[in-house]
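Here is a short briefing to read with the model open beside you. It goes through the charged pairs, the fold and the core in turn.

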Amino acid sequence: MPKADNELTWRDLEIGGIVTTPGSAAAYRTGDWRSQRPEYDFSRCIKCGMCQMYCPEGCVKKNADGYFEADLYHCKGCGICARECPVWVISMKEEA
């Protein structure tokens with residue numbers, strides 16, 4: 001997949017850099033085959049961004065209110081965001 005002029009690859013990042021674009025999920029609608037989805041309780045969220053930092057696909061984004069939520073088009077339902085949330089705002093729910 002060709003990269004845009006302003007898009008960095010992992011080789012372009014300095015040590016400690018964070019990738020915030022979807023990994024292999026960018027080219028595929030991987031959210032269609034997940035069995036669980038993350039659900040957020042924004043009333044308890046401290047907006048720390050840990051869920052975004054640990055998402056292996058980079059599909060957790062900040063919304064207009066400053067809260068983080070998963071792009072369910074790309075989310076694979078791995079649950080890493082829920083495990084890394086320091087205040088347990090995210091719970092994994094079975095897909096309907």
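**Charged pairs, fold and core**

Arg 44 has a relative accessible area of 40%, so this residue counts as partly exposed. Its salt-bridge partner is Asp 41, with 3.4 Å between the closest N and O atoms. Please keep in mind that this is a predicted model.

**The Arg 44 and Asp 41 pair**

- Asp 41 is partly exposed too, because its relative accessible area is 27%, between the 20% limit for buried and the 50% limit for exposed.
- The salt bridge from Arg 44 to Asp 41 belongs to a total of four salt bridges.

**The Lys 76 and Glu 57 pair**

- Lys 76 and Glu 57 form a salt bridge whose closest N and O atoms are 3.0 Å apart.
- Lys 76 sits in the loop between β3 (68–70) and α2 (80–84), and Glu 57 sits in the loop between α1 and β2, so this pair ties together parts that are 19 residues apart in sequence.
- For orientation along the chain, the loop that holds Glu 57 runs between α1 (50–54) and β2 (60–62).
- The two side chains of Glu 57 and Lys 76 are also joined by a polar contact of 3.0 Å.
- Is Glu 57 buried or exposed? Glu 57 is buried, because its relative accessibility is 11%, and the limit for buried is under 20%.
- Lys 76, in turn, is partly exposed, with a relative accessible area of 25%.

**The Glu 95 and Arg 37 pair, and its network**

- Glu 95 and Arg 37 meet through their side chains in a salt bridge, at 3.2 Å from N to O.
- Glu 95 lies in the segment after β4 (90–94) while Arg 37 belongs to strand β1 (residues 36–40), so their salt bridge ties together parts that are 58 residues apart in sequence.
- Both ends of this bridge are partly exposed: Glu 95 has a relative accessible area of 26%, and Arg 37 comes to 24%.
- Which residues are linked in a network of salt bridges? The network links Arg 34, Arg 37 and Glu 95.

**Overall fold and surface**

- The protein chain contains two helices and four strands, and along the sequence these follow the pattern β-α-β-β-α-β.
- Among contacts with a separation of 6 or more in the protein chain, 68% are between residues 24 or more positions apart.
- Of the 96 residues in the protein chain, 26% are buried.
- The protein chain has an accessible surface of about 6,700 Å², and carbon and sulfur atoms account for 52% of that surface.

**The nonpolar core**

- In soluble globular proteins, nonpolar side chains tend to be buried together.
- Here, the largest nonpolar core has 13 residues, and the members that touch the most others are Tyr 40, Cys 51, Val 60, Ala 70, Cys 81 and Ile 90.
- Which elements give two or more residues to this core? They are β3 and α2.
- Leaving aside residues up to four places away in sequence, Cys 81 touches Pro 38, Tyr 40, Cys 51 and Ile 90.
- Tyr 40, Cys 51 and Ile 90, which Cys 81 touches, also appear with Cys 81 among the core members that touch the most other members.

Notes: Residues are numbered from 1 along each chain as its sequence is written. This is a predicted model: local features need pLDDT of at least 70, side-chain atom pairs count only at pLDDT 80 or more; totals for chains, interfaces and linings use all residues. Side-chain values use heavy atoms; hydrogens and water are left out. Buried means under 20% relative accessible area, exposed over 50%, partly exposed in between (1.4 Å probe, protein chains only). A polar contact is a pair of N or O atoms within 3.5 Å; within protein, one must be able to donate a hydrogen and the other to accept it, and residues adjacent in sequence count only if both atoms are side-chain atoms. Contact means heavy atoms within 4.5 Å. Accessible areas come from the Shrake-Rupley method with a 1.4 Å probe; for residues, only the protein chains shown count as cover. A nonpolar core is a set of buried Ala, Val, Leu, Ile, Met, Phe, Trp, Tyr and Cys residues joined through side-chain atoms within 4.5 Å.
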